[in-house]
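This report covers a strand arrangement and a chain-to-chain contact. The structure comes first.

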Amino acid sequence: MAHPSQLGFQDAASPIMEELLHFHDHALMIVFLISTLVLYIIVAMVTTKLTNKFILDSQEIEIIWTLLPAIILILIALPSLRILYLMDEINDPHLTIKAMGHQWYWSYEYTDYEDLGFDSYMIPTQDLTPGQFRLLETDHRMVIPVESPIRVLVSAEDVLHSWAVPSLGVKMDAVPGRLNQTAFITSRPGVFYGQCSEICGANHSFMPIVVEAVPLEYFENWSFLMLQDA
Amino acid sequence: MSLAKPMMRGLLAKRLRFHLPIAFGLSFVAAIAFKYMVTEPRKQAYADFYKQYDSVKEFNAMREAGIFQSVRPSGE
């Protein structure tokens, strides 16, 4: 989850998110390069006594300020396309989970082997225990095995929602009547938080997502216990 | 006595020859500074973190801290 006054991205918990962080650094470096250049030129233009407005022909500079942006855009596009294709790699998931958006909670279905399904409601602020995070905790978390490719099928039962977990680099719109697919691998065990990312009514801000990544044997124990409770 | 003829042409070109190299130089310095103060340290930090990462040890530490819902601390 985010720290107070945090400006940048959350720490990456999946390989794709790490790639996205590095790409963002690359793009921001280019942004700083261009911004510094433009700022210097603006200051130089504002402080000049040369004010002749009638300038004819300027083929050299026209060529420069056409070619240079084209080159810069290519330098941005190449790593961007690399990540785009990385995200679409065939990944042979070990587990498929359906995440259904409702007003105003998520429900998860694990139907690969047995029929396991449960709802995930936000824990109200007054019911939080010390150490829990306000507006981020849920009564039932989406538990997954760590370091395993997971496929999430996202849809909605009523209005548009969006299933997002920033530290995993995942966001997928939940559209009623449509099944969207996303996939990820968690690099390390832990608890990862997200929030609904498409306006969906009064409690849009109060339907968070919590993903809990644990080793496989604990995931199997958990799913066995959940099936018994159902 | 006569005054020297002032420079009447090429004033903009002269200004550009002075300022443009500085402008490009400064912007490359800014980009390189960002690369070596932010981008490379971040890549190194992630590489260092995962080089010695023991996921079982970390998982057990998190478990004992009680943060998981699916796995209770070993005493419980």
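How many residue pairs are in polar contact across the interface of chain A and chain B? In this predicted model, the rule finds 13 such pairs, both residues at pLDDT 80 or more. Helix H1 (15–46), strand E9 (190–195), strand E10 (208–214) and helix H3 of chain A each supply at least two residues of the side of chain A that touches chain B. H1(A) gives the largest share of that side, with 12 residues.

The rule also finds 1 salt bridge across the interface. It joins A:Asp25 and B:Arg42, whose closest N and O atoms are 2.6 Å apart. The contact takes 35 residues from chain A and 31 residues from chain B. About 2,900 Å² is buried between the two chains, and carbon and sulfur atoms give 69% of this area.

The side of chain A that touches chain B divides by class as follows.

| Class | Residues of chain A |
|---|---|
| Nonpolar | 19 residues |
| Polar | 8 residues |
| Charged | 8 residues |

Chain A also holds an open sheet of 5 strands with mixed pairing, in the order E3-E2-E1-E5-E8. Strand E3 (116–120) and strand E8 (180–184) are the edge strands, each pairing on one side only. On average, neighbouring strands of this sheet are turned by 25 degrees against each other, direction ignored. Within the sheet, strand E1 (residues 95–102) and strand E2 (residues 105–110) of chain A pair in the antiparallel sense over 5 bridges. A:Ala99 has A:Tyr108 in E2(A) as its bridge partner.

Helix H3 (residues 216–229) of chain A lies across E1, E2 and E3 of chain A and runs at about 85 degrees to E3(A). H3 of chain A also supplies at least two residues of the side that touches chain B.

Methods
Residues numbered from 1 in each chain as written. Chains lettered and ligands numbered in written order. Predicted model: local features only at pLDDT ≥ 70, side-chain atom pairs only at ≥ 80, totals over all residues. Heavy atoms only, no water. Pairing = 2+ DSSP bridges. Helix = DSSP H or I, 4+ residues; strand = E, 2+ residues; numbered from the N terminus. Axes fitted to C-alpha atoms, helices over the stretch in contact; angles between N-to-C directions. Contact = heavy atoms within 4.5 Å. Buried area = accessible area lost by both parts, 1.4 Å probe. Salt bridge = Lys/Arg side-chain N within 4 Å of Asp/Glu carboxyl O. Polar contact = N/O pair within 3.5 Å; in protein donor to acceptor, adjacent residues only side chain to side chain. Nonpolar A, V, L, I, M, F, W, Y, C, P; charged D, E, K, R; others polar.
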